[in-house]
Amino acid sequence: MPLRLLKYALSKEHPAPRFFKAHETPKKSYDVVIIGGGGHGLAAAYYLAKDHGITNVAVLEKGYIGGGNTGRNTTIVRSNYLTPEGVNFYDASVKIYEGLSEELDLNLFYSTRGHFTLAHTESAIRTMRWRAEVNKHVGVESRVVGPDEIAKACPQLDLSCSGQAPILGALFHAPGSVARHDGVAWGYARGADRLGAEIFQNTEVLSIDVKNGKVCGVKTNKGYIETKQVLSAVAGFTPRITEMVGLETPIVIHPLQACVTEPMKPWLDSILVSGSLHVYVSQSSRGELVMGSSLDPYEVHSTRSTLDFVEGLTSHMLDMFPFLSNVKVVRQWAGMADMTPDFAPIMGKTPIEGFYLDAGWGTWGFKATPISGKTMAQTIANDSAPDLIHSFRLSRFEDYELTGEKGAASVGH
Amino acid sequence: MKLLNCPINGTRPLSEFIFGGEYRVAPDQDSCSDAQWAAYVHNRNGSPGDKKEWWYHSPSGTWFIAERNTLTDKVSRTYLLSNANLNPALESAQ
């Protein structure tokens, strides 16, 4: 038994170690202010300190860390995208994720399961082939497989889907994984805190000061902070922040819902996605089935849940797994997805000097947490975006150079 | 929002309707700059608040305007598109 555990046996005091210091009042000024204490913002703070030695950084979180979309996604990590730019970017993220538990000294329950995107139509097979070839070209392990291989990996799956939508094949992506999403936020928070960044919870940004096209400060509910560099990493709240600096973007907000069942013995090893049935499902390390579906069909700035969603999703789950009919759904929730027209993020510099955007993460943000933190830290430190995120720049819309990733969205949205 | 009032067919379940995005006015394509046109094509008013939106009643093929708050999801009124409806002040002045 490690000595640090033994000492608690001899002492009557058992203090739980804090993950990060509880700062109350921000200082008068910081080199960098990060708005949003989700995975992306905290990762950016961590890499700013670790890779670039920039430690005079404040992370401002309006609620509690990891309480937004970081803690609301279905935790899937994959890189089987459609464009070479997307595949390269998400592959870099998967590679960091694979060693992240060790780097952050926190068990993220990162579990590589293999990821099947099921095809029920000829046109879906065509997209799967396209994605597989792009993936292989970039060096990512994806291939098209037939029903036999799917049945071998998941014998519980009804390949005919109740006769409604027989499965013709799938895109198999070996590195597909799941992880503890809140652990990712907490791990990065502790790492950033240890290196000197300050994290402020319950701290809301009320306005951003811009003079002569340059950022000069941020007004919060805990006072005014002088800074020349601001990173907005707030997902579903992005339009409210960009409105503060008068920046127009294509982002619109739609709720994205998810739910979990009661825990069961482990039976589902793989991550399964069906675009036609609008389902993605994996089994968590606690035994719950974690399930998600497509976006809500219209714009709402809310995390409300609907019965329509859970009825639609579970009926499609029963097409795939009829034996689940007696299993109970125990929780459902929603996050606000910041959608872009090309299903790619918006990252990097903006026309306002010192205002950086890490946004447009729609339904694909969790898997990108490490690499977006790393590349945004690079962008802030050098005031120049690295090549890896060039295709995700805000000005791509003005240039009509969109990065079409809609075909790689997990389900038809 | 579970029900929506179609100006032709009355109050119907939301599942009969399709969201068509915000009502927007295109800039004059002959006189606007490339940047203005690109902004019109791609950019949206994504922040929450009262908006005029296109909605479509699918069974009857009716496009109409709904005024809805995107934060509270409450619809204040729905009507068929006409100049008078979009400018109530103008209407009352006539």
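How many residues has helix α10 of chain A, and how far does this helix reach from its first C-alpha to its last? In this predicted model, α10 spans residues 369–382 of chain A, 14 residues in total. The reach is 20 Å. That is close to the 20 Å expected at 1.5 Å a residue. The helix is mostly covered, with twelve of its 14 residues buried. The buried positions run from T369(A), P370(A), I371(A) and S372(A) through G373(A), K374(A), T375(A) and M376(A) to A377(A), Q378(A), T379(A) and I380(A). Just after the helix, D383(A) adopts a positive phi of about 50 degrees.

Chain A is divided into two domains. Domain 1 is assembled from residues 25–72, 182–250 and 342–408. Domain 2 comprises residues 112–176 and 252–339. Taken over C-alpha atoms, the domain centres are separated by 30 Å. Domain 1 of chain A brings 14 residues to the contact, and domain 2 of chain A brings twelve. On the domain 1 side, eight of the contacting residues are polar, five are nonpolar and one is charged.

The largest nonpolar core has 115 residues. Within this core, I34(A), A45(A) and V57(A) have the most contacts. Helix α2 of chain A, residues 39–52, gives the most to the core, with eight residues. Both domains of chain A take part: the core draws at least three residues from each of domain 1 and domain 2. I34(A) illustrates the packing. Residues up to four places away in sequence are not counted here. I34(A) touches G41(A), A44(A) and A45(A). Its other partners are V57(A), V59(A), L60(A), L231(A) and A233(A). Two of the residues with the most contacts inside the core, A45(A) and V57(A), are thus also partners of I34(A). Another core lies apart from the one of 115 residues. This other core has six residues, including C6(B), F17(B), F64(B) and A66(B).

The two chains also meet. The contact between them takes 19 residues from chain A and 13 residues from chain B. On the chain A side, two elements give two or more residues: helix α8 (238–244) and strand β14 (252–261). Helix α8 of chain A gives the most to this side, with three residues. By class, the chain A residues that touch chain B divide into eleven nonpolar, five charged and three polar.

Notes. Residues numbered from 1 in each chain as written. Chains lettered and ligands numbered in written order. Predicted model: local features only at pLDDT ≥ 70, side-chain atom pairs only at ≥ 80, totals over all residues. Core = buried A, V, L, I, M, F, W, Y, C linked by C-beta atoms within 7 Å. Buried ≥ 20, exposed ≤ 12 C-beta atoms within 10 Å, placed from the backbone. Helix = DSSP H or I, 4+ residues; strand = E, 2+ residues; numbered from the N terminus. Domains from an automatic or database assignment. Contact = placed C-beta atoms within 7 Å. Nonpolar A, V, L, I, M, F, W, Y, C, P; charged D, E, K, R; others polar. Expected span 1.5 Å × (residues − 1).
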